[in-house]
Amino acid sequence: MTVTDLLDAYAAGDTDPVAAVDDALTRLKTAHEALNCTIAVLDDRARAAAQESARRWADGTARPLEGVPFGVKDVIDVGGVPTTQGSWNHGDEPAPASATVVRRLEDAGAIPISKDGTTEFAVGGPHPPRFGAVRNPWDPERWAGGSSTGSAAAVAARAVPFALGTDVGGSVRLPSAWCGLTGLKPTAGAIPRTGVFPLSWTTETVGPLARSARDVATLFGVLRGPDGADPRSEQLPPLEVPTTSDLSGLRIAVPGGAFTELCDAAVQAGVDALVRELVAAGAEVVPGEVPSAGDALPIGYQIVFTEAATLHRVDADRWDTYDPVVVRRISQGIVTPAVDYLRALQFRVELQRELDAVFAGADLVVVPTCPSTAPRLPDGTVVVDGQEYPLYAAQSRSTMLGNLTGAPGLAVPTGLAPDGCPVSAQLVAPPHREATALWAARVFQERTDHHRQAPPSAT
């Protein structure tokens, strides 16, 4: 069940948190055996929390997410549980406290049941040396996507209703797209990063992966707002997602250029279908282009790799145990001249101005989330219109826009490609206008059932 469905079932007395958590743990074990999605299962902790949630439902003190199980990407601390970061070099000592995002969910009654697979340090390749690749529930010969790879696989396999991920260049949205989920990269600073192992202080965010926009809106409402520790988090007005299904007055821009020049026909068809449904619900298509979008990916990588190198240089004597992809990336960062890094930061400002110009006449930008269906293992290559491309040349072409500018992006499933795997479109909104993207996505999902499609292994 989705988050919403499960809470409704609790309220109706159709099930209870003890049964739901037991079911989630059983499903998670089955999913892990098939997909390799889980690093640690929090059985005893989860069952104890489920007993407390059942008591609260019985005595009328249930909190907003009471008894809803969830997964946590293993770069995010859960108090008393090791955080491995997918690496041989970490994870022996339990985290002293939970990350702000985990604590907020637990305070709302949600129950963490697992630490989920991640690429090493959230910057490595599909094959982290310690835990190996996470397979895609839609096709086990494919990757679930990264770096929030286990989180996406567990939700798509219907083991948990939602999970937490992090996003530096698309790491919530890409696995959401490849696994048929709705995933949010929020505005920079909207959700605190306290208790999350850092990778890039410029581009990194935390976000939820779930089945529907309605669920994501519920979760985002709990997760957002300052915690007094993350200096980037700030006071925010209440989240108010419109409840109407009439999108009259909503202006959407559908830019081309770098967003569509390398894009599989099935992915583009999904974008077109989403736009048609939004227009049928009352929205209007308006002009809007981002001229420098093609430079966002290489410049974004330059910033991310340089900042990652700064964090990992102290462990240079242990790089021989790192994923070779991690070493290659942080090595690039180490040799990046300061003038190039500073120029890349200036490019962010220029890109923000271009996007602001689009938002002067539009409320949303609609682009592909990624240009292909899920990458094939073991090489991690993607296929666009029958032609094979390297994973890193293609995967973040559209998602890096939001990481560099700070704008929120919402990945929305738009159907299945001829190969049987999900395709996805991304709704990009102005900073702190997540409600607009969540509104449009909810209306789209009311008019379609793509978000309810389950992988064959989960049915």
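Here is a short walk through this structure, from the annotated domain to one helix and one strand. Keep in mind that the model is predicted.

Let's start with the annotation. An unreviewed UniProt entry assigns "domain: Amidase" to residues 20-437. Within that span, helix makes up 36% and strand 17%, and the C-alpha atoms at its two ends sit 30 Å apart.

Now go to helix α1, residues 3-12. Its buried residues are V3, T4, L6, L7, A9 and Y10. It helps to recall that an α-helix has 3.6 residues a turn, so residues three or four places apart point the same way. What do the buried residues of α1 pack against? Their partners include three helices, α2 (17-35), α3 (43-59) and α7 (213-223), along with the strands β2 (69-73) and β6 (162-167). Once you step off the end of α1, look at G13, which takes a positive phi of about 80°.

Next, jump along the chain to strand β11, residues 364-368. Is it enclosed or open? Five of the five residues in β11 are buried, so the strand is largely enclosed by the rest of the structure.

Which strands pair with β11? One is β9 (residues 251-253), which runs parallel to β11 and is joined to it over two bridges. Another is β15 (residues 422-428), paired with β11 in the antiparallel sense over four bridges. To see both pairings from a single residue, find V365 in β11: it is the bridge partner of A253, and it also stands opposite V428 in β15.

How values were computed: Residues are numbered from 1 along each chain as its sequence is written. This is a predicted model: local features need pLDDT of at least 70, side-chain atom pairs count only at pLDDT 80 or more; totals for chains, interfaces and linings use all residues. Side-chain values use heavy atoms; hydrogens and water are left out. UniProt positions are given in the numbering used here, feature names are shortened, and annotations may be inferred rather than shown by experiment. Buried means under 20% relative accessible area, exposed over 50%, partly exposed in between (1.4 Å probe, protein chains only). Contact means heavy atoms within 4.5 Å. Two strands pair if DSSP finds at least two bridges between them.
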